[in-house]
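Trainee: I am new to this structure and should be grateful for a close look at a single part of it. Please begin with one side-chain contact, and then explain how its surroundings fit into the rest of the chain.

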Amino acid sequence: MQMRSFVLVILCLLVPAPAVFGQQTYVTKYDFYSGYTNLYSPKIGLLEHGYHMQVGFRPKTWYSVGFDYSISSGDLTITPDLLPASLQQSLAATFGALAAAGKLPPGYKLTVPASSVTNEFALGPQLAYRHFKKVTLFVRPSLGAIHETATPKPGDPIAAMIVSGLAPAGKKSDWQGFYGVGYGFDILFSKHFALRTQGDLVWDHLFNDILAEGRWTHRFSIGPCFNFGRNIAEKTP
């Protein structure tokens, strides 16, 4: 999180101060963004890297509507405290039986790492602030659907036994809705090219059959943005 804040500050400083101020007089009808993204969800130790794409249509200079898609992959970690109470009780009973049979190593703690692939889809409005000539600030509601596939990678026979009960197919997939807020800025290098830096903070409850609570996830993204179409900021007689 500190690195992301550092990147945002540095990019702001890269904009030549004398050129920043002044109302934007050229705003295109459409934009297309394509760049790097990562997802970070500390509750489950999730960190993913991937690709982010957006397509936008601007009815007015101050707002747009668009489609947002990202795909990322990485790793997460599941521990017993994340499970619902019923599963924790069942797990405790299993460990008790193993201990009684002398098959539970002293001090054993269950930790299950997993690899994951996440797809996010969103559609909606975005508000833009164009008071600065070379920088556009924006904010948006983040509403959409998320699909995640997690493949557990148990590191010992006990973990493998537990995983076989929770995910008999060897992996789990789920669709859920998410909601939150998005924000960011474009540094405008020309009428048709910009560098976009943005973030989204959203709430979801994926895998609600084995995870007791939902989680906050932050998506950071940076990359080029291409603006095209007619100038909608141009005043017509």
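**A polar contact and its surroundings**

Mentor: The contact to begin with is a polar one, made between the side chains of Thr 217 and Ser 41 at 3.5 Å. Please bear in mind that the model is a predicted one. Thr 217 belongs to strand β8, which covers residues 215-231. With a relative accessibility of 3%, Thr 217 falls under the 20% limit and therefore counts as buried. Apart from its neighbours within four places in sequence, Thr 217 is in contact with Leu 39, Tyr 40 and Ser 41, and also with Asp 200, Leu 201, Val 202 and Asp 204.

Two of those contacts of Thr 217, Asp 200 and Leu 201, lead on to other features, and Asp 200 may be taken before Leu 201. Asp 200 forms a salt bridge with Arg 140, in which the closest N and O atoms are 2.9 Å apart. This pair links distant parts of the chain, since Asp 200 is in strand β7 (residues 193-204) and Arg 140 is in strand β5, 60 residues away in sequence. Both partners are shielded: Asp 200 is buried, and Arg 140 is buried as well.

Strand β7 also contributes to another salt bridge, in which the side chains of Arg 196 and Asp 186 meet at 2.8 Å, N to O. Arg 196 lies in strand β7 and Asp 186 in strand β6 (residues 172-188), so that this pair too links distant parts of the chain, 10 residues apart. Arg 196 and Asp 186 are both buried. A network can be traced as well: salt bridges with shared partners join Asp 200 and Arg 140 to Asp 68, Glu 120 and Arg 219.

In total, the structure holds 11 salt bridges. One of them pairs Asp 31 with Arg 58, with 3.1 Å between the closest N and O atoms. Because Asp 31 lies in strand β1 (residues 28-41) and Arg 58 in strand β2 (residues 46-60), the pair ties together parts that are 27 residues apart in sequence. Asp 31 and Arg 58 are buried.

Leu 201, the other contact to follow, leads to the surface. Leu 201 helps to make a nonpolar surface patch of about 650 Å², together with Trp 62, Leu 127, Val 139, Val 181, Tyr 183 and Trp 216. Among these residues, Tyr 183 is located in strand β6. Its relative accessibility is 36%, which lies between the limits of 20% and 50%, and Tyr 183 therefore counts as partly exposed.

The interior can be considered next. The largest nonpolar core has 14 residues, of which Ile 44, Leu 76, Phe 178, Phe 207 and Leu 211 touch the most other members. Strands β4 (112-129) and β5 (135-152) each supply at least two residues of this core. Ile 44 is in contact with Leu 76, Thr 77, Leu 82 and Arg 215, leaving aside neighbours within four places in sequence. A second core of 11 residues is separate, and Leu 91, Phe 95, Leu 110 and Val 163 are among its members.

Phe 95 also appears among the contacts of Ile 158, which touches Leu 98, Lys 103, Leu 104, Pro 105 and Tyr 108 in addition, when residues up to four places away in sequence are not counted. Ile 158 is found in helix α4, residues 157-166. Its relative accessible area of 11% is under 20%, so Ile 158 is buried. Ile 158 and Leu 104 are 54 residues apart along the chain, and their C-alpha atoms are separated by 8.2 Å.

The wider setting can now be described. The protein chain has 4 helices and 8 strands, and from the N terminus on its elements follow the order α-α-β-β-β-α-β-β-α-β-β-β. Among contacts with a separation of 6 or more, 73% are between residues 24 or more positions apart. Of the 237 residues in the chain, 41% are buried. The area that the chain exposes is about 12500 Å², and carbon and sulfur atoms supply 67% of it.

To return to the starting point: Thr 217 is a buried residue of strand β8, and its side chain makes a polar contact with that of Ser 41.

Key
Residues are numbered from 1 along each chain as its sequence is written. This is a predicted model: local features need pLDDT of at least 70, side-chain atom pairs count only at pLDDT 80 or more; totals for chains, interfaces and linings use all residues. Side-chain values use heavy atoms; hydrogens and water are left out. A nonpolar core is a set of buried Ala, Val, Leu, Ile, Met, Phe, Trp, Tyr and Cys residues joined through side-chain atoms within 4.5 Å. Buried means under 20% relative accessible area, exposed over 50%, partly exposed in between (1.4 Å probe, protein chains only). Contact means heavy atoms within 4.5 Å. A salt bridge is a side-chain nitrogen of Lys or Arg within 4 Å of a carboxyl oxygen of Asp or Glu. Patches are made of residues with over 30% relative accessible area and no salt bridge: like charges are joined within 9 Å, nonpolar side chains (Val, Leu, Ile, Met, Phe, Trp, Tyr) within 5 Å. Accessible areas come from the Shrake-Rupley method with a 1.4 Å probe; for residues, only the protein chains shown count as cover. A polar contact is a pair of N or O atoms within 3.5 Å; within protein, one must be able to donate a hydrogen and the other to accept it, and residues adjacent in sequence count only if both atoms are side-chain atoms.
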